[in-house]
Amino acid sequence: MTRRRLTMLVVLVGVLAVAAAGLVFKPWLLFVDSRVNDTIPQVAQPLGSGEARPGPASAAPLQPGTPDALRRPETATAEAQPRQLSAGTFISHEHPTTGGVRIIEQPDGSRLLAITGLDTTTGPDIHVWLSAADVVEGRDGWYTAGGADFVDLGPIKGNQGDQLYNIPPDVDLSRYVAVDLWCVQFGVSFGAAQLLS
């Protein structure tokens, strides 16, 4: 083989290796942002938050035959609003990640995971997980969720903004204590949030 052919072969192999690495690692995603602006449901203000609500003792007497919905409007309103079951704040793992998470129960009993104010890096194959593993800070926490039970709520909608994910009705939320932004391709967490009631 001549020297020129050998050089061309080495260059060709190098180009193919760079192209293959690009397809696997997708480095251009580090420079692309995708913003999501889902409408997050407003949750009922929890009791004890400083706002006094009228109770039966403070309500004005009503005439006999008044419908129950008119007797206690504050109760009817609270029951008809979404309520927050738990919440947390993202910490960074492999990539800088900020934002908050809330689990919201709708009046019909369905549950949503709301991610608010998210800012992280776009990456390949990032999924939103409910994880049974506690959040661990630092490099040790990058892999914690990979060794625990999880519920995959689907691919992340975008790396910035507010977004909603449906939680399947059969998921026992008491088993899942965290939310992870998990890179399936590389088995690492971009960021995670511990859920607190």
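Of the 197 residues of the chain, 35% count as buried in this predicted model. The accessible surface amounts to about 12,000 Å², and carbon and sulfur atoms contribute 58% of that surface.

The chain contains three helices and nine strands. In sequence order, the elements follow the pattern α-β-α-α-β-β-β-β-β-β-β-β. Among contacts with a separation of 6 or more, 66% are between residues 24 or more positions apart.

**Aromatic pairs**

Three aromatic pairs occur in the structure. A pair of aromatic rings is described by the distance of the centres and the angle of the planes. The table gives these values for two of the pairs.

| Pair | Centre to centre | Angle between planes | Arrangement |
|---|---|---|---|
| Trp129 and Phe150 | 3.7 Å | 5° | stacked |
| Trp129 and Trp182 | 4.9 Å | 20° | stacked |

The pair of Trp129 and Phe150 connects distant parts of the chain, since Trp129 belongs to strand 5 (residues 126-131) and Phe150 to strand 6 (residues 150-155), 21 residues apart. Trp129 is buried because its relative accessible area of 6% falls under 20%. Phe150, at 37% relative accessibility, lies between the limits of 20% and 50% and therefore counts as partly exposed.

Trp182 is located in strand 8 (residues 178-183), so its pair with Trp129 in strand 5 ties together parts 53 residues apart in sequence. Like Trp129, Trp182 is buried. Ring pairs thus join Trp129, Phe150 and Trp182 into a cluster.

**A charge over a ring**

Another aromatic residue, Tyr165, has the charged end of Lys157 over its ring, 5.3 Å from the ring centre.

Note on methods
Residues numbered from 1 in each chain as written. Predicted model: local features only at pLDDT ≥ 70, side-chain atom pairs only at ≥ 80, totals over all residues. Heavy atoms only, no water. Helix = DSSP H or I, 4+ residues; strand = E, 2+ residues; numbered from the N terminus. Buried < 20%, exposed > 50% of the residue type's maximum accessible area, 1.4 Å probe, protein only. Contact = heavy atoms within 4.5 Å. Areas by Shrake-Rupley, 256 points an atom, 1.4 Å probe, with all protein chains shown as cover. Phe/Tyr/Trp six-rings, centres within 6.5 Å; stacked < 30°, edge-to-face > 60°. Lys NZ or Arg CZ within 6 Å of the ring centre and 35° of its normal.
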